[in-house]
Amino acid sequence: METIHLDDFLHEGVIREKVFREKVAKIDWSQYSDKRVLIRGCADVVIPTWAFLILTAHLAEYVDRIYFGELRSAVKIFVKGSPGA
């Protein structure tokens, strides 16, 4: 399983939309083709809902499944080919 750490998107200790979108635009999303991906939150910082939505929207074009949380207790939020996907 591949992991995306939201800590990697922090700028001066917070998620700032402009910087976040710039970092997202530089990612080669095809590297996640047909993989399971875990989006890990940040325990020390409040992550805006839009950050999860942006990542999920980009990933959904490529991945097999998207999970959120910690590996042991990950919550499945997207499955390729499922209704509504």
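Ile66 stands opposite Phe78 in strand E4, and this pairing is a convenient place to begin reading the predicted model. The two strands concerned are E3, residues 65-68, and E4, residues 75-79, which pair in the antiparallel sense over four bridges. Ile66 also has a partner in another strand, since Val37 stands opposite Ile66 in E3. Strand E2, which covers residues 36-40, is joined to E3 by four bridges, and these two strands run parallel. E3 is thus paired with E2 in the parallel sense and with E4 in the antiparallel sense.

Between E3 and E4 lies a hairpin with six residues between the strands, and there Gly69 takes a positive phi near 115°. Most residues other than glycine have a negative phi. Against that background, two further residues deserve attention. Glu12 has a positive phi of about 55° although it is not a glycine, and its place is in the loop between strand E1, residues 2-5, and helix H1. Asp34, likewise not a glycine, has a positive phi near 55°, and Asp34 is found in the loop between H1 and E2. Glu12 is exposed, with a relative accessible area of 66%, and Asp34 is exposed as well, with 59%.

**Helices**

Which residues of helix H1 are buried? In this helix, which spans residues 17-25, they are Val19, Phe20 and Val24. Because these residues cover an arc of only 135° around the axis, they lie on the same side of H1. On the other side of H1, Lys18 and Ala25 are exposed. The buried residues of H1 pack against helix H2, which runs over residues 49-60.

Within helix H2 sits Thr56, which counts as buried because its relative accessible area is 19%, and buried means under 20%. Leaving out residues up to four places away in sequence, Thr56 touches Ile39, Ile66 and Ile77. Ile66, already met opposite Phe78, is therefore also one of the residues that Thr56 in H2 touches, under the contact limit of 4.5 Å between heavy atoms.

**Arg65 and the surface**

Arg65 is placed in strand E3 and is partly exposed, at 27% relative accessibility. When residues up to four places away in sequence are not counted, Arg65 touches Lys35, Arg36, Val37, Lys76, Phe78 and Val79. The C-alpha atoms of Arg65 and Lys80 are separated by 6.2 Å, although these residues are 15 residues apart along the chain.

Phe68 is also found in strand E3, and at 32% relative accessibility Phe68 counts as partly exposed. Together with Val75 and Ile77, Phe68 forms a nonpolar patch on the surface, and the three residues have about 250 Å² of accessible area together.

**Salt bridges**

How many salt bridges are there in the model? The count comes to six, and the table gives some of them, with the distance between nitrogen and oxygen atoms.

| Residues | N to O distance |
|---|---|
| Glu2 and Lys35 | 3.6 Å |
| Arg16 and Glu12 | 3.5 Å |
| Asp64 and Arg65 | 3.5 Å |

The salt bridge of Glu2 with Lys35 links distant parts of the chain, with Glu2 in strand E1 and Lys35 in the loop between H1 and E2, 33 residues apart. Glu2 is partly exposed, with a relative accessible area of 33%, and Lys35 is partly exposed with a relative accessible area of 33%. Lys35 is also among the residues that Arg65 touches.

Arg16 and Glu12 meet through their side chains in a salt bridge. Arg16 is found in the loop between E1 and H1, and Glu12 has its place in that loop too. At 38% relative accessibility Arg16 counts as partly exposed, whereas Glu12 is exposed. Once its neighbours within four places in sequence are set aside, Arg16 is in contact with His11 and Trp50. The C-alpha atoms of Arg16 and Ser73 are separated by 28 Å, and these residues are 57 residues apart along the chain.

In the salt bridge of Asp64 and Arg65, Asp64 counts as partly exposed at 29% relative accessibility, and Arg65 is partly exposed with 27%.

Key: Residues numbered from 1 in each chain as written. Predicted model: local features only at pLDDT ≥ 70, side-chain atom pairs only at ≥ 80, totals over all residues. Heavy atoms only, no water. Pairing = 2+ DSSP bridges. Buried < 20%, exposed > 50% of the residue type's maximum accessible area, 1.4 Å probe, protein only. Arc of directions from axis to C-beta. Patch = residues over 30% accessible without salt bridge, like charges linked within 9 Å, V, L, I, M, F, W, Y side chains within 5 Å. Areas by Shrake-Rupley, 256 points an atom, 1.4 Å probe, with all protein chains shown as cover. Salt bridge = Lys/Arg side-chain N within 4 Å of Asp/Glu carboxyl O.
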